[in-house]
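Visitor: I should like a close look at a single part of this model, namely its sheet. Please describe how the strands are arranged and paired.

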Amino acid sequence: MEAHEATRDFSVRRGGSSVWVLGLIPLVLIATAVALFATLGAPGLGERRGPPAEELLVEKTVLRPGEIELTVRNDGPDPVGVTQVAVNDAYVDFKASGTATRGTEIGRLDAERLTIPYEWVEGEAYEVFMLTTTGGVVEHPIEVAVATPESGLGFYGLMALLGVYVGVIPVAIGMLWLPFVRRIPSGGMRFLMALTVGLLAFLALDATLEGVELFGAESGAAESFGGVALVFLGATLAYLALSAIQAYLESRQARASAAGAGGGFLALLIAIGIGLHNLGEGLAIGSAYAVGALALGAFLVIGFAIHNTTEGLAIVAPVASRPPSLMRLLGLGLIAGAPAILGAWIGATAFNPSVAAFLLGAGAGAIVQVIQQLLPSIRDRAGRTLYPVSVGGIAAGMAVLYVTGLVVTA
């Protein structure tokens, strides 16, 4: 029997190259068929009838003294030509991507920068109309005209400071609950772990809703890149990635019997999930600041700080029985809070709704995977996951973030 298996393995190794060739044959055939179909001009289908489908989205608006710059993307299947631009019903000249031509054609999924010389007044509202070659009109409102901050060392420093205020400092303050968490009885500990599940569940829901909202009306998000599906794609990939990290860590350390995972292991997963969420939060802050939407900037930062302080509790709760070293705690805090800085930088300089939706979905997916790991830690002695204490903890966690979230949106 062993000789037979050895002979079979040897034959498989010798035929390895031919096996790969057999696997490539269908791919080569379909590639050839597609190339011929395109080269021959789609024989048998004839020409498409009807007017072209024109879908232009304004992804970014930049206001400079005496100038309006729009980044426009073609989200439809056909090329779109822009021939004229009007601001508040008055036709104005424009340049496409810095060229001297008045008209421009934008291919499918391509983007073009339209620079419009116009003496706008700060605080006023404007309507920009783009006339296409087929006579269609694309409208873009500017609700409040505010000069876009110039990028520079000081600007990036300000974005970093905002990220520290809303991400690093609140998480670090929340982690100071560790001495309190260490001294409560087992029943109280299960309540706190349930509270952590509630906090994370609300964060996952919040990230998903924010990602879906990016593709609402007047959003400027290109549906051709996937639309709302990007949110769930990001969630799925993040869930799978964190599951792979879990499997890797499990192979290196034993999991605690009570929680089903080592405390440090769970704390790391929680920090990663919260970090991805704060990355999306930083994107929102940076992009809003770049277009002058943070008129109540100080109040908004305070609201986010209060909202994010409870995230520190979620990190330290799993390590209450065996607290890690101070340096490890600092590392967990940075993993959870520092991505807000990166998000603010990206959001202020290169914000893209589709990328933001994907990252928000990734944060939600990572948090769902973390919740799955936390659930065994809230079981009572009878092995129940949902009972009065755990349900109360989950509800309290969701209520805390809901209430603090009102401070941000008020």
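**The sheet, strand by strand**

Guide: In this predicted model, Ala-96 stands opposite Leu-114 in strand E7. That pair belongs to the pairing of E5 with E7, an antiparallel one over two bridges. Strand E5 comprises residues 95-96, and strand E7 comprises residues 111-117.

From E7 the description may proceed to strand E2, residues 67-74. E2 and E7 run antiparallel and are joined by seven bridges. Within this pairing, Glu-67 has Pro-117 of E7 as its bridge partner.

E2 also pairs with strand E1, again in the antiparallel sense, here over eight bridges. Strand E1 spans residues 56-64. One of the positions that can be followed in the structure is Thr-61, whose bridge partner in E2 is Leu-70.

Taken together, these pairings give an open sheet of four strands in the order E1-E2-E7-E5, with antiparallel pairing. E1 and E5 are the edge strands, each pairing on one side only. E2, by contrast, is bridged to E1 and to E7, while E7 is bridged to E2 and to E5.

When the side chains are inspected, one general point is useful: in a regular strand they alternate between the two faces of the sheet.

To trace the sheet on screen, one may begin at the edge strand E1, cross to E2 by way of Thr-61 and Leu-70, pass on to E7 by way of Glu-67 and Pro-117, and arrive at E5 through Leu-114 and Ala-96.

How values were computed: Residues are numbered from 1 along each chain as its sequence is written. This is a predicted model: local features need pLDDT of at least 70, side-chain atom pairs count only at pLDDT 80 or more; totals for chains, interfaces and linings use all residues. Side-chain values use heavy atoms; hydrogens and water are left out. Two strands pair if DSSP finds at least two bridges between them.
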